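Me: Please take a close look at one part of this model. Start with the helices, then turn to a single residue in a loop.

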Amino acid sequence: QMNPHFLFNALTTIMAVRRDEAKVELVTQSLADYLRFSLQQEQQEQNEVAAHPLGDEITALENYLRVEKVRFSDDLEWSIDAEADALRTLVPSALVQPLLENAIKYGQETGPRPLRVSITAKVVQGHLEIEVCNSGYWVEGDRTHSGGVGLSNLRRRLELIYGHAASLDIRHNPSTVAVCVSLPARLVQ
């Protein structure tokens, strides 16, 4: 599910850059494309379509990041590096989105500016390996303030779909946090 704060922030961003026609166009088009992907995911879930190519979600996340880049300007740097086989791998809906949202939210709260966020995806020995990394430091989840719920929900979804063949691991050091997902790679033909 899309974070309603993102929509509110995107609309506020449009108002803030309203005199810059190119930025308004970029934010509006990126937001529209991102919302279209979100609605398609919702429809697929209702029709019990269990998976889509990772490339579809990566494209949507690029739109999400374009909106956030206009919002945060020089305070956000992002990159996506996904191999062709990774982009063709079938994944459950909203696999990377909650990881990216966490990276931006907690990275903004804990790290210096600019916030640096990266997404990498590759297929290694029959497994899709995805890493979402952000500058900042790890904060233990406080369930009374919703922290940690998204990761535990995603971990549970992966377990239900893939059993012990999938994993979600968190690696952190004093300057970065990386959430790594591994699952069996099933490529679209």
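Reply: **Two helices and a loop residue**

Helix H5 runs over residues 97-110, 14 residues in total. At 1.5 Å a residue they should span 20 Å, and the end C-alpha atoms are 20 Å apart, so the two agree. (The expected span is 1.5 Å times one less than the number of residues; helices, H or I of at least four residues, and strands, E of at least two, are DSSP runs numbered from the N terminus.)

This is a predicted model: local features need pLDDT of at least 70, side-chain atom pairs pLDDT 80 or more, while totals for chains, interfaces and linings use all residues. Numbering starts from 1 along each chain as its sequence is written, and side-chain values use heavy atoms, without hydrogens or water.

The buried residues of H5 are Gln97, Leu99, Leu100, Glu101, Ala103, Ile104, Gly107, Gln108 and Thr110. (Buried is under 20% relative accessible area, exposed over 50%, partly exposed in between; 1.4 Å probe, protein chains only.)

Now H1, residues 4-16. Its 13 residues should span 18 Å at 1.5 Å a residue, and its end C-alpha atoms are 18 Å apart, which agrees. In H1, Phe6, Asn9, Ala10, Thr13 and Ile14 are buried. They cover an arc of only 145 degrees around the axis, so they lie on the same side of H1. (The arc is that of the directions from axis to C-beta atoms.) Pro4, His5 and Phe8 are exposed on the other side of H1.

Last, threonine 89. It sits in the loop between helix H4 (84-87) and strand S3 (90-91). Threonine 89 counts as buried because its relative accessibility is 0%. Its side chain reaches the backbone oxygen of aspartate 85 at 2.8 Å. Beyond neighbours within four places in sequence, threonine 89 is in contact with His52, Pro53, Leu54, Val123, Leu128, Ala185, Arg186 and Leu187 (heavy atoms within 4.5 Å).

Notes
Polar contact = N/O pair within 3.5 Å; in protein donor to acceptor, adjacent residues only side chain to side chain.
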